[in-house]
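Thanks for coming. I have one structure to go through today, so please look at the screen.

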Amino acid sequence: MSHDNPFPEYPANPYASEDPSLRTPTDIELPDGQQRGKVSQISTVGILMIVQGALWILCGIGGVVMAFVFPRILQEQMMNNPALQNNPNQLPPEQLGQIMMAVYGVGGGALLLLGLLTLFSGFRIHRHRGRVLGIVTLSLGLGTILTCYCFPTALALFIYGLIVLLDRSVKKAFELGETGYSPLEIQTAFARLPLR
């Protein structure tokens, strides 16, 4: 059967490179006995980290905004309520406002930084790079138990992420990613391995 181009006036593949020195997925040499492992799930972990990071960024921004808004609301409430003003056990409005500003500001700032780090790490994981940074970031996410925001999803992502990122085949995939291979090349090379 002939594979000649039936339309000779058009090239067979206008996007095909004519440079034979370009690397193809078959150039990746995997060691004997290499298994697929959980390599196909690397991108999923990266995407979930990006989503989790975006949620933390939104919460962090909300916390920082509340650090400035909540003390004013609190002061207005105390000024308009005589029962609160005459309570000897109540902190002065200025002092209570400063405490609330510190709590919301520190909590919101921490979530904002964690969200940015998780977002960055998720993009790196998706590109099959930064495995150790990903593990550290997933571990830091457990600190959200202090804020009670997104902790269940952070815990689930931590467990799932470690299952994937600590896999021996995934470690090899990240080594290939750090040497310059694209995720498509890596995924294609591992997809050719027998499923075991």
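Let me start with a single residue: is Cys150 buried or exposed? Cys150 is buried, at a relative accessible area of 14%. The threshold to keep in mind is that buried means under 20%. Please also keep in mind that this is a predicted model.

I will stay with the cysteines for a moment. How many disulfides are there? The count is zero. For Cys150, the closest cysteine sulfur belongs to Cys59 and is 6.9 Å away, which is too far for a bond. A pair would count as a disulfide only with its sulfur atoms within 2.5 Å, so the 6.9 Å between Cys59 and Cys150 rules this pair out. The situation reads the same way from the other end, since Cys150 holds the closest cysteine sulfur to that of Cys59. As for exposure, Cys59 is partly exposed, with a relative accessible area of 23%. As a reminder, a disulfide is a covalent bond between the sulfur atoms of two cysteines.

Now the overall picture. The protein chain has seven helices and zero strands. Along the sequence, that gives the pattern α-α-α-α-α-α-α. The chain has 196 residues, and 32% of them are buried. Its accessible surface is about 12500 Å², and carbon and sulfur atoms account for 64% of that. On contacts, take those with a separation of 6 or more: 76% of them join residues 24 or more positions apart.

Next, the internal space. Rolling a probe the size of a water molecule over the atoms shows where empty space is left. How many cavities of 30 Å³ or more are there? The count is one. The space in the largest cavity is about 40 Å³. Which residues line the largest cavity? The lining is made of Met49, Trp56, Thr118, Thr137, Leu138, Gly141, Ala154 and Leu157. By class, five of the lining residues are nonpolar, three are polar and none is charged. Three helices each supply at least two residues of this lining: H1, residues 42-80; H4, residues 131-140; and H5, residues 151-165.

Two of the lining residues, Ala154 and Leu157, come up again with Gln52. Gln52 lies in helix H1. Is Gln52 buried or exposed? Gln52 is buried, with a relative accessible area of 5%. Leaving out neighbours within four places in sequence, Gln52 is in contact with Cys150, Thr153, Ala154 and Leu157. Cys150 is the buried cysteine I opened with.

Also in helix H1 is Val69. Val69 counts as partly exposed, at 35% relative accessibility. Its C-alpha is 10.0 Å from that of Met100, with the two positions 31 residues apart in sequence numbering.

Now the loop between H4 and H5, where Leu142 sits. Leu142 is partly exposed, with a relative accessible area of 25%. Which residues does Leu142 touch, not counting those up to four places away in sequence? They are Phe151, Ala154, Leu155 and Phe158. Ala154 is therefore a contact of Leu142 as well as part of the cavity lining, given that contact means heavy atoms within 4.5 Å. Leu142 and Pro152 are 10 residues apart in sequence, and their C-alpha atoms are 9.2 Å apart.

One backbone point. Most residues other than glycine have a negative phi, and most peptide bonds are trans. His128 is not a glycine, yet its phi is positive, about 65°. Where is His128? His128 is in the loop between H3, residues 93-126, and H4. At 0% relative accessibility, His128 counts as buried.

From His128 we can go to Leu184: the two are 56 residues apart in sequence and 9.8 Å apart in space, C-alpha to C-alpha. Leu184 is in helix H7, residues 183-191. At 63% relative accessibility, Leu184 counts as exposed, whereas His128 is buried.

Last, Gln35, in the segment before H1. Gln35 is partly exposed, with a relative accessible area of 38%. How many residues apart in sequence are Gln35 and Ser169? The two are 134 residues apart in sequence, and 6.4 Å apart from C-alpha to C-alpha.

That is what I have.

Methods:
Residues are numbered from 1 along each chain as its sequence is written. This is a predicted model: local features need pLDDT of at least 70, side-chain atom pairs count only at pLDDT 80 or more; totals for chains, interfaces and linings use all residues. Side-chain values use heavy atoms; hydrogens and water are left out. Helices (H or I, at least four residues) and strands (E, at least two) are DSSP runs, numbered from the N terminus. Buried means under 20% relative accessible area, exposed over 50%, partly exposed in between (1.4 Å probe, protein chains only). Accessible areas come from the Shrake-Rupley method with a 1.4 Å probe; for residues, only the protein chains shown count as cover. On a 1 Å grid over the protein atoms alone, a cavity is a set of points where a 1.4 Å probe fits but cannot get out, and a pocket is an open set with protein on both sides within 12 Å along at least five of seven lines; lining residues have an atom within 4 Å of a point. Grid points are joined across faces, edges and corners, and a volume is the space filled by probe spheres set on the points. Ala, Val, Leu, Ile, Met, Phe, Trp, Tyr, Cys and Pro count as nonpolar, Asp, Glu, Lys and Arg as charged, and the others, Gly among them, as polar.
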